[in-house]
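Me: I would like to go through the protein–DNA contacts in this model step by step, asking each time what justifies the word that is used.

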Amino acid sequence: MTVAQALSKYKMYQGVIVEDSSNIGEKEYSGKGSFGQYLEEVFFGITNNSESKPDFIDAGLELKTAPLKELKNGELAVKERIVLGIINFDSIIEETFEKSHFLEKNLHILLVFYVYDKLAALENIQVNLVDIWNCVEQDETQIKKDWETIVGKIRRGKAHEISEGDTLYLGACTKGATRATSQVPQPFSDILAHRRAFSFKIQYVRYIYQSLMEKRQASVKRKKIADTIRITQNRTESIDQIIKEAFCRHKGKDAFTICKDLGLPYNPKAKHFYAQIVKRILGADANQRLYEFEAAGIQIKTVRIEVNGKNKESMSFKHMRYTEIVEQDWEDSDFYVDLTSKFLFIVFRRNPQNEGYFLDDVIFWNMPAEDLEEARKVWIDTQQKIQAGNYNSFVKIKDDRIVHVRPHARNAADKIITPQKTMELKRSFWLNRDYILNIVENKSYLT
DNA sequence: GCATGATCATGC
DNA sequence: GCATGATCATGC
């Protein structure tokens with residue numbers, strides 16, 4: 001579907017005049033935001049401006065384009081976060097969420113999801129979905145909480161310690177070409193901080209895309225959408241407090257007993273075993289979905305502690321694609337997205353009396369900014385080695401750098417293509433064993 | 001058939 | 001006992 005077809009089909013842009021595409025070719029659009037600029041100017045007749053007012057003042061709509069990428073199986077998936085506008089450290093400290101510049105600009109967003117293709121001419125770009133998203137109508141509590149978390153750090157003179165992992169839906173992503181040239185002053189500290197912009201985190205954008213697609217399909221097919229429950233509904237506590245309370249009721253029980261008490265089959269090898277337990281403990285049925293987990297992309301990970309007080313295993317993430325990583329920026333990489341998610345660690349401890357493990361702790365965690373910075377360095381090191389065709393000297397666990405690189409394949413024959421057109425064993429980034437133990441032993445949310 | 005979370009096996 | 005390489009189990 002071309003842009004013109006998509007826009008006229010969805011008719012989601014009341015009050016906005018859509019011109020036809022006859023005035024293409026007058027101007028060159030290039031760079032990252034080129035498709036957005038092209039849409040604004042060619043279709044909506046708005047000249048490109050950096051004025052921070054809504055793009056469609058009459059309609060009260062902000063236009064945002066969001067690239068999709070095609071997966072191997074042909075499905076489309078969200079490619080990156082949606083950036084919502086720069087954070088002014090000096091003026092934001094005077095704002096309240098309700099009267100914030102952020103809300104004024106981003107209350108109603110016209111989203112144009114398109115299929116990313118860096119070689120395609122702009123007028124041939126395929127538009128997949130056009131719809132409006134109102135983040136406050138959908139997620140007021142969490143968006144407000146995220147906004148306040150970010151502003152809170154600025155007010156405490158900690159703007160330099162802001163991390164995307166601090167928040168669930170709304171993130172503060174870095175802005176600027178390089179780290180060195182993007183440092184700006186902050187009001188309550190002499191330390192320079194990276195310039196930042198509000199954004200919808202990629203996990204949240206994935207969720208937005210999924211819900212809008214489901215809404216569209218439901219209206220076509222009248223298919224019933226699976227029941228979704230919000231654990232924060234009618235509650236004032238935060239997500240982690242609610243989780244903690246729910247889990248406290250099962251502390252000390254072994255996994256088998258927990259399953260029995262919850263009416264779940266005991267199948268610890270199943271891929272979603274622990275996710276299922278979490279779901280049930282939080283009061284959802286098997287066919288119900290947990291809104292906050294899906295919208296925030298919370299990663300549920302289990303950690304088993306042995307009798308000697310140590311965990312045996314490091315923690316793997318999805319295997320990297322050598323041809324992708326050499327072209328990516330750190331903040332668009334899969335590993336960055338994983339590490340800036342919230343983690344829910346479920347800690348089981350070996351029972352000295354029998355062979356089993358009992359539930360000891362649940363920990364809601366996100367990686368601190370300084371550790372994320374260390375992970376970035378390892379990622380860069382890995383990227384450079386792949387670029388150089390050096391596949392045998394990646395950072396090892398012994399190097400003690402929080403994360404390391406290790407094989408992650410089905411067997412020795414499970415290889416993928418490299419930028420050098422050779423085949424290499426699949427490898428992943430791993431969180432070091434002792435780093436995980438440290439998280440688990442230093443932060444206890446139960447008891 | 002492959003991704004993903006999890007775990008095993010071996011040698012130093 | 002641990003690092004490292006290797007592989008399993010399951011679901012989609």
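Me: What makes the pair formed by arginine 433 and a phosphate oxygen of DNA strand C a polar contact?
Reply: In this predicted model, a polar side-chain atom of arginine 433 lies 3.3 Å from a phosphate oxygen of DNA strand C; a polar contact is a pair of N or O atoms within 3.5 Å, so the pair qualifies.

Me: Which atoms of lysine 396 and lysine 398 face phosphate oxygens of DNA strand C at 3.3 Å and 3.0 Å?
Reply: For lysine 396 it is an N or O atom of the side chain, 3.3 Å from a phosphate oxygen, whereas for lysine 398 it is a polar backbone atom, 3.0 Å from a phosphate oxygen.

Me: Why is Lys310 called near DNA strand C?
Reply: A residue is near a strand if one of its heavy atoms lies within 4 Å of it, and Lys310 is among the 17 residues around DNA strand C, where Ile397, Arg406, Ala409 and Ala412 are also listed as coming nearest.

Me: How do you know that arginine 304 counts as a polar contact of DNA strand B?
Reply: An N or O atom in the side chain of arginine 304 is 3.5 Å from a phosphate oxygen of DNA strand B, and the cut-off is within 3.5 Å, so the pair is counted. The corresponding distances are 2.9 Å for the side chain of threonine 302 and 2.7 Å for that of lysine 426.

Definitions and conventions:
Residues are numbered from 1 along each chain as its sequence is written. Chains are lettered from A and ligands numbered from 1 in the order in which they are written. This is a predicted model: local features need pLDDT of at least 70, side-chain atom pairs count only at pLDDT 80 or more; totals for chains, interfaces and linings use all residues. Side-chain values use heavy atoms; hydrogens and water are left out. A polar contact is a pair of N or O atoms within 3.5 Å; within protein, one must be able to donate a hydrogen and the other to accept it, and residues adjacent in sequence count only if both atoms are side-chain atoms.
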